Amino acid sequence: MRAVFLDYETVSNGELDTSGLTRAMPELQFHGSTHDAQITGRIDDAEIVLLHQFALTRDHLFAAKRLKLIALAATGTHNVDLAAARDPDIPNLLLTPHVAWAAREARQRCLDEIAANVQDLLSGGRRNRVV
């Protein structure tokens with residue numbers, strides 16, 4: 001299952017343990033940052049997209065034909081077009097761990113929650129589903 005983390009450097013400068021993420025998503029590609037013009041190309045064949053600060057628009061969601069999961073490493077869902085995510089023509093599943101952010105421990109917990117959400121999705125569950 002192809003997965004991409006679009007802006008990993010906004011979450012960690014290398015001090016976080018990503019083993020839970022890579023166990024859940026062996027094909028996970030980490031991108032330190034992504035320019036707006038690169039988003040569509042990086043998510044077009046991804047089934048799982050992880051992000052922190054980028055905005056995913058209706059156009060991005062419709063272009064990502066294989067997308068099953070958007071995992072937000074953030075405390076809210078304001079950077080994803082939720083109306084588009086709810087569109088019946090886009091079979092997306094949007095999850096977010098909703099944890100506090102600043103401390104290293106909180107950021108590590110966020111990555112661990114994302115890994116748990118992905119593992120639950122792969123086993124047919126609906127843990128922390130927003131839409």
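How many aromatic pairs does the rule for ring centres give here? The count comes to three aromatic pairs, and some of them feature in the first close-up. The model is predicted, so to speak of a local feature pLDDT must be at least 70, side-chain atom pairs count only at pLDDT 80 or more, and totals for chains, interfaces and linings use all residues. Residues are numbered from 1 along each chain as its sequence is written, and side-chain values use heavy atoms, with hydrogens and water left out.

**View 1. Phe5, Tyr8 and Phe30 form a cluster through ring pairs.** Rings of Phe, Tyr and Trp (its six-membered ring) pair if their centres lie within 6.5 Å; planes under 30 degrees apart are called stacked, over 60 edge-to-face, and the rest tilted. Phe5 and Tyr8 have ring centres 5.3 Å apart and planes at 80°, so this pair is edge-to-face. Phe5 also pairs with Phe30, this time stacked, at 6.3 Å centre to centre with 20° between the planes. Phe5 sits in strand β1 and Phe30 in strand β2 (residues 27-30), so the pair ties together parts that are 25 residues apart in sequence. Helices (H or I, at least four residues) and strands (E, at least two) are DSSP runs, numbered from the N terminus. Buried here means under 20% relative accessible area, exposed over 50%, and partly exposed in between (1.4 Å probe, protein chains only). Phe5 has a relative accessible area of 0%, so it is buried, while Phe30, at 30%, counts as partly exposed. Tyr8 is buried too, like Phe5.

**View 2. Phe5 turns up again in the largest nonpolar core.** A nonpolar core is a set of buried Ala, Val, Leu, Ile, Met, Phe, Trp, Tyr and Cys residues joined through side-chain atoms within 4.5 Å. This one has 20 residues, and Phe5, Leu21, Met25, Leu50 and Ile114 touch the most other members. Two or more residues come from each of β1 (2-5), α1 (19-24), β3 (48-51), β4 (69-72) and α5. Helix α5 gives the largest share, six residues. A second, separate core has 18 residues, among them Ala46, Leu56, Ala64 and Ile70.

**View 3. Helix α5 runs from residue 104 to 122.** The expected span of a helix is 1.5 Å times one less than its number of residues. For the 19 residues of α5 that should be 27 Å, and the end C-alpha atoms are 27 Å apart, which agrees. Buried residues in α5 include Ala106, Cys110, Leu111, Ile114, Val118 and Leu121, along with Arg107, Gln108 and Asn117. Just after the helix, Gly124 takes a positive phi of about 95°.

**View 4. Within α5, Glu113 and Arg109 meet in a salt bridge.** A salt bridge is a side-chain nitrogen of Lys or Arg within 4 Å of a carboxyl oxygen of Asp or Glu. Side chains of opposite charge can pair when their charged atoms come close. Here the N to O distance is 3.8 Å, and the two residues are four apart in the helix, about one turn. Glu113 is buried, with a relative accessible area of 14%, whereas Arg109 is partly exposed at 49%. By the salt-bridge rule, the count comes to five.

**View 5. Glu47, Arg66 and Lys68 are linked in a network of salt bridges.** In the bridge between Arg66 and Glu47, the closest N and O atoms are 2.9 Å apart. Arg66 lies in the loop between α3 and β4 and Glu47 in the loop between α2 (39-43) and β3, so the pair ties together parts 19 residues apart in sequence. Lys68 meets Glu47 as well, at 3.2 Å from N to O. That pair links distant parts of the chain, with Lys68 in the loop between α3 and β4 and 21 residues from Glu47. Glu47 counts as buried at 9% relative accessibility. Arg66 is partly exposed at 41%, and Lys68 is partly exposed at 39%.

**View 6. His52 sits in the loop between β3 and α3 (58-63).** At 13% relative accessibility, His52 counts as buried. Its side chain makes a polar contact with the side chain of Thr10 at 3.0 Å. A polar contact is a pair of N or O atoms within 3.5 Å; within protein, one must be able to donate a hydrogen and the other to accept it, and residues adjacent in sequence count only if both atoms are side-chain atoms. His52 and Ala74 are 22 residues apart in sequence, yet 5.5 Å apart in space, C-alpha to C-alpha.
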